[in-house]
Amino acid sequence: MTSINEQPIPAARPVIGEEEIEAAVRVLRSGRVVQGPEVAAFEEGFSELVDGRHCVAVNSGTSALHMLLLGLGVGPGDEVIVPSFSFAASANAVRLVGADVVFADIEPGSYGLDPAAVEAAVTPRTAAIMPVHLYGHPAAMDQLMPIAQKHKLAVVEDACQAHAAALNGTPVGAFGEGGTFSFYPTKNMHALEGGMVTTADAGLARTLRLLRNQGMEARYANEIVGANMRMTDVAAAVGRVQLTKVGGWTEQRRANAAYLDAHITAPNVTTPPVAEGARHVYHQYTIRVQGDREAAMAKLTEAGIGNAVYYPTPIHRLKPYWEPDQKAGRNWDLPETERAAAEVVSLPVHPSLGEGDLERIANAVNALGESL
Ligand SMILES: *Cc1c(COP(=O)(O)O)cnc(C)c1O
């Protein structure tokens, strides 16, 4: 039971502080509110998180994925290999450009694409691989990049949950042809809404800048067909404030995770493993529960501990994917995806937690004991 002086601990807590508010007001008073100097400065600042790659800001993480696939020329007739254990946006971006989604299974530890499953899924139609750095843990890029090179496939990193995560010292978003980030309020840093595409290819960066703005560099001199995926300067100004804090917040997330790793001792509960060489940024702190997960979650909620399942339904089982696959007689073999969807529970790990909160979270998980 939550006692009177113990407030429930929320699963996530987006920060909109005085600095963010002042930055937004400053932009509103300036009159330059769209695709102006704040956006350019945000792109330049963000580039430091991705080894100096070109950064192109857009209005959401989904737009970033969509635009990057358009920019790479992925379209009808192409296949893209995607994990089914992700947010639907990963696969939606592929379908939005008219390409076909091919689901591959995940590794049980990192929750990222399993390199062997990817290798087995490559066909003559494969155009790209989309590793998702789920929960803030980098996918096995050291093994996925050589597979992509061998088959001449583009790599599109979905780093929407993994700002400043890294593998063997290379930040996510700096491995593939392009990387994508989200600045939705619950992500490790936000810009109200927003996204970023990162790439080492200056030509691709220019194409992306055209695509986000109706295909125009010079006004009314449209060079290609494009959309409007522009970021506002209000969003960019908020993002710039968050950029100054994300380093400290990430260290706090990692310290919170280390506390939970050390103090969660319940049998039948597995704390999140970290691959060798991986820098996990804990967008989510996700345990596995062997036993009655629904009962365990109800008990955590009763104890005032925010908790959630990301994601209870793998993408291949969602209607817009499941129905066409059923019709075509396509059945994906994704045992680790199915097992993860049935076992995972994410606990609060956000930087606003105090030591007392962390103790309560660990105690509540340990108290599940018998019920599992
Ligand atoms: C949040 C998220 C996205 C989409 O980002 P939005 O900014 O919400 O459009 C894509 N992929 C993953 C894995 C995400 O978590």
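**Figure 1. The largest nonpolar core of this predicted model has 37 residues.** Inside this core, F85 and Y285 have the most contacts. Two or more residues each come from α8 (233–263), β12 (285–289), α9 (293–302), α11 (335–343), β13 (344–347) and α12 (355–366). Helix α12 gives the largest share, five residues. Because domain 1 (18–243) and domain 2 (246–366) both give residues to this core, the core lies between them.

**Figure 2. A closer look at F85 and the residues it touches.** Leaving aside residues up to four places away in sequence, F85 touches I106, Y111, L134, Y135, Y310, Y311, T337, A340, A341 and V344. Another core, of 30 residues, lies apart from the largest one, and V74, V80, A205 and I315 are among its members.

**Figure 3. Seven strands form an open sheet with mixed pairing.** Follow the strands across the sheet and you will meet them in the order β1-β9-β8-β5-β4-β2-β3. At the edges are β1 (54–58) and β3 (100–104), each of which pairs on one side only. From one strand to the next, the twist averages 25°.

**Figure 4. Strands β5 and β8 pair in the parallel sense.** Here β5 covers residues 154–158 and β8 covers residues 178–182, with three bridges between these two strands. To find your way in this view, start at E157, which stands opposite G179 in β8.

**Figure 5. Helix α7 lies across β1 and β9.** The helix spans residues 202–211, while β9 spans 195–199. Relative to β1, α7 runs at about 15°. One residue to pick out in helix α7 is R206, which forms a salt bridge with E223; their closest N and O atoms are 2.9 Å apart. E223 sits in the loop between α7 and α8, so this pair links distant parts of the chain, 17 residues apart. How exposed are the two partners, R206 and E223? R206 is partly exposed, with a relative accessible area of 35%, and E223 also counts as partly exposed, at 43% relative accessibility.

**Figure 6. A salt bridge joins K245 and E20.** The closest N and O atoms of this pair are 3.4 Å apart. K245 belongs to helix α8 and E20 to helix α1, and with their positions 225 residues apart in sequence, the pair links distant parts of the chain. E20 counts as buried, because its relative accessibility is 1%. Across the whole structure, a search finds 19 salt bridges.

**Figure 7. Salt bridges that share partners join R288, E336, R339 and E343 into one network.** Within this network, take a look at E343 and R339: their closest N and O atoms are 3.2 Å apart. Both residues lie in helix α11, four residues apart, about one turn of the helix. Is each partner buried or exposed, starting with E343 and then R339? E343 is buried, with a relative accessible area of 12%, whereas R339 is partly exposed at 34%.

**Figure 8. R13 is found in the segment before α1 (18–30).** R13 counts as exposed because its relative accessibility is 52%. Not counting residues up to four places away in sequence, R13 touches H350 and S352. For a sense of scale, the C-alpha atoms of R13 and Q290 are separated by 28 Å, and these two residues are 277 residues apart along the chain.

Terms used
Residues numbered from 1 in each chain as written. Predicted model: local features only at pLDDT ≥ 70, side-chain atom pairs only at ≥ 80, totals over all residues. Heavy atoms only, no water. Core = buried A, V, L, I, M, F, W, Y, C linked by side-chain atoms within 4.5 Å. Buried < 20%, exposed > 50% of the residue type's maximum accessible area, 1.4 Å probe, protein only. Domains from an automatic or database assignment. Contact = heavy atoms within 4.5 Å. Pairing = 2+ DSSP bridges. Axes fitted to C-alpha atoms, helices over the stretch in contact; angles between N-to-C directions. Salt bridge = Lys/Arg side-chain N within 4 Å of Asp/Glu carboxyl O.
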